[in-house]
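Biologist: Hey, could you walk me through this one? I'd like to know what I'm looking at.

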Amino acid sequence: MLSRRHFTGLAAAAVAVPFVNVGIQPAAAHPEALGFGSAYDARPPDPTGVVLGSPGFEVGADATEALQAAVDEASRRGIANKLGDILGGARDFPLGDGGGVVFVPPGTYNLSAPIDVHDSVRIIGFGRRRPRFVLAPNSPGYAGSVPRDVFSFRRRPVGGPVSYANNDTFGSGLINVDIAIGSGNPQAIAVRFGGAQLCLLQDLDLDVGDGWAGIDHNANLIQRVRVRGGAVGLNAYAASAGWPTTVLDCRFTGQRETAVRANNDAKLVLVRTVLAGTPRGVECVPAQFLHLYLHGCVLEDVAEGIVMNDSDQLPGATDPRIRNSNQLNLVDSVVRRTPTVLTLAQSGRRTSARDGGIDLSYGLRITDGLSAREARADGVVMVQGAPDRDVLTTDVPELPSVSTWVSVADVAVRMGRTIGTGGDDLPVFQAAVDRHENVFVPIGEYVLAGTLRLRQNTNLIGLHPRQTWLRTPDGTPYFGDPDRPRALVETPFGGRNIVHGLGLDTARNTPGAVNISWRSGRGSYLADLATQFVKWHPNDVPGGDPGYTYRGKHKYGIWVRGGGGVLSNIWSSNGWADNGLLVEHSSVPTSAYELSIEHHQHREVVLRQVSGWQFFGLQTEDHIYGWQSQAVELDRCHHLLFGNSVLFRVATVLGPSPYGVGLRDCHDIVFRGTRGYRDKTPEFTQWGAAVADVRSRRVVPEPEFAVLEIR
């Protein structure tokens, strides 16, 4: 962030205002340059995966039929094991939102028709060079008038209708493969991406050529993806069911029209992403507001960097809630040979920029919030600061080489034990992490009757958080005391750990249970993680939603105690816990990407004595019976940044809530972009105030704004 500089107002309404320096540094102690190589250099040792090319899935000159059969089989296995089932029986959905893993060996595979990626199936390539899928030139159906997918994320419940992935789709992924579109396919889309939580596009090269788009629609996390060519790189919408999408460490180059096109209510967070060699970096379609946040990005050789609609020209803009929903933040970024960094479409107003560092906002800005000096202004403001510099060094650790992974199943065999059959698996898991640095957990269900304690450099790795579960025995006394909370998994203070691709379930009658106690420090990585799915509901209601009959009590969900590092793509929805994310006593510089914290009775996110954290694409949800839950509680915190948060209240909530974010004794807090308004039953779904100081009772009443700084 830029330190207390005066913005130069470029629109008529803009005024010069000082901006808070939140003083945040990159999260990793030893940042690593991106290589965009293969993330899985060998096949992960999971016997449950379906291997393309294995018996029954042999590949001929055209791999379409074999790959679809492998995806179908992975889906069948997940439906059968029921490990991923959430929605079975709810809202008239039959059983079957399971899924599994398809492994793709290295090589080149020809495709001629769409591949349906069923809900919760993950396609994972492996090898020293990533496998490559090629849509054959002049493939049937890709030259008409309607865009057509090569890979298509789908929802396919057993006996139910097949549809594009939606808000009941969780955990699907396309990972570590490349896709090339041959010539003569002008309507081809490399990936139609959708889903609600834990969905991934990761480690992909998409060579679109003269096709239409690299990615159409969007779910949760798009990470280390390079899109080359096409008319559009990312054709973006609001992710299901209205969530933000984080585009992390990506590259969009050479698009004929625009790198990113934003359609209805798109909420986009771009971090360390390059938009280059295209007429427009980001454009918003007419009559739509846009929540756009770019941090550490580069716009290079782009004629018009960002094209947005004028806020006062939006349909319904006489309502300030609509007008203030149009939000742009370009933070700590760089422009190179991009003469116009921002164009406002209706008025034609243009903001030019010289090469170098840039910080820009468009929309409502509130300075000195919650004080007697609180001020508001609207329009474009920009600071051009440091000269051109490297802003693309990632803070996200890479997974260790697969060749170094030791399967916990192999450790069990050497110990003469079996795991995943219902007995206590903790002795085997503890032996595995005590003896080995990189421990792999195959798909399955494992019971831990106590705390699994990782060592200083232990990594615990799975491939699918809704198919790989560590579970607490129900009713065990070890997790029975809420005054002595104990975690299912615990990391050491100051450790350098990776915990990845796992589901954590603390059962029902475990009032002292914590899903994970995270005390690791810089360079650590907690990612692709799920907790059990629970919607809190009162005792006189049979379920938190039709089909959800779970009732229990737990202490915390994710408990960060003095730790930090990088947190990414986490879904904490254990609604009977006191909160979904609790961070205490942490000054570790931390980046939190695409966290979904939902369904709790009182509070979703709680931070106590925390500094130096950045949240990108935070999403909370208060549901029908959890309508009194507060989105974020900040207590004695300072130097925090929230980039494009979505504080969501479903249309069925039963009453109003006074404020989304409550602060006590906090300073140097910056919110850049927030979504807190819904037009459905707004008397309930809109927060009474976005932010409140619980001591002074001062509030920021606007539910949406581009910038709010609190000194």
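Modeller: We'll go from the whole chain down to single residues.

Modeller: This is a predicted model, where local features need pLDDT of at least 70 and side-chain atom pairs count only at pLDDT 80 or more, while totals for chains, interfaces and linings use all residues. Residues are numbered from 1 along each chain as its sequence is written, and side-chain values use heavy atoms, with hydrogens and water left out.

Biologist: Okay, how many helices and strands does the protein chain have?

Modeller: Five helices and 53 strands. Helices (H or I, at least four residues) and strands (E, at least two) are DSSP runs, numbered from the N terminus.

Biologist: And how compact is the chain?

Modeller: The radius of gyration, taken over C-alpha atoms, is 24 Å, close to the 27 Å that the globule rule gives for 711 residues, so the chain is as compact as a globular protein of that length. That rule is 2.2 Å times the number of residues to the power 0.38. The C-alpha atoms fill a box of roughly 75 × 65 × 50 Å along the principal axes.

Biologist: What share of the residues is buried?

Modeller: 66% of the 711 residues. Buried means under 20% relative accessible area, with a 1.4 Å probe and protein chains only (exposed is over 50%, partly exposed in between).

Biologist: Let's switch to helix H4. Is H4 enclosed or not, and why?

Modeller: Seven of the ten residues of H4 (residues 426–435) are buried, so the helix is largely enclosed by the rest of the structure. The buried ones include Leu426, Phe429 and Val433.

Biologist: What do those buried residues pack against?

Modeller: Among their partners are helix H3 (408–414), strand S31 (438–440) and S35. Contact here means heavy atoms within 4.5 Å.

Biologist: S35, does that turn up elsewhere?

Modeller: Strand S35 (468–471) and strand S39 (525–531) each supply at least two residues of the lining of the second largest pocket.

Biologist: What volume does that pocket have, and which residues lie nearest its centre?

Modeller: The second largest pocket has a volume of about 530 Å³, and Asp85, Asp505, Gln532, Phe533 and Tyr550 lie nearest its centre, out of 25 lining residues. The lining divides into ten nonpolar, six polar and nine charged residues.

Biologist: How do you find empty space at all?

Modeller: Rolling a probe the size of a water molecule over the atoms shows where empty space is left. On a 1 Å grid over the protein atoms alone, a cavity is a set of points where a 1.4 Å probe fits but cannot get out, a pocket is an open set with protein on both sides within 12 Å along at least five of seven lines, and lining residues have an atom within 4 Å of a point.

Biologist: So how many cavities of 30 Å³ or more are there?

Modeller: Six. About 70 Å³ of space lies in the largest cavity, and strand S43 (590–598) gives the most to its lining, with three residues.

Biologist: Last topic: phenylalanine 153. Buried or exposed?

Modeller: Phenylalanine 153 has 1% relative accessibility, so it counts as buried. This residue is found in strand S8 (residues 148–155), and it touches Val117, Tyr164 and Leu200, among others, not counting residues up to four places away in sequence.

Biologist: And histidine 295, where does that lie?

Modeller: Histidine 295 lies in strand S21 (residues 291–295). At 10% relative accessibility, histidine 295 counts as buried. Leaving aside neighbours within four places in sequence, its contacts include Leu270, Asp332 and Phe616.

How values were computed
Grid points are joined across faces, edges and corners, and a volume is the space filled by probe spheres set on the points. Ala, Val, Leu, Ile, Met, Phe, Trp, Tyr, Cys and Pro count as nonpolar, Asp, Glu, Lys and Arg as charged, and the others, Gly among them, as polar.
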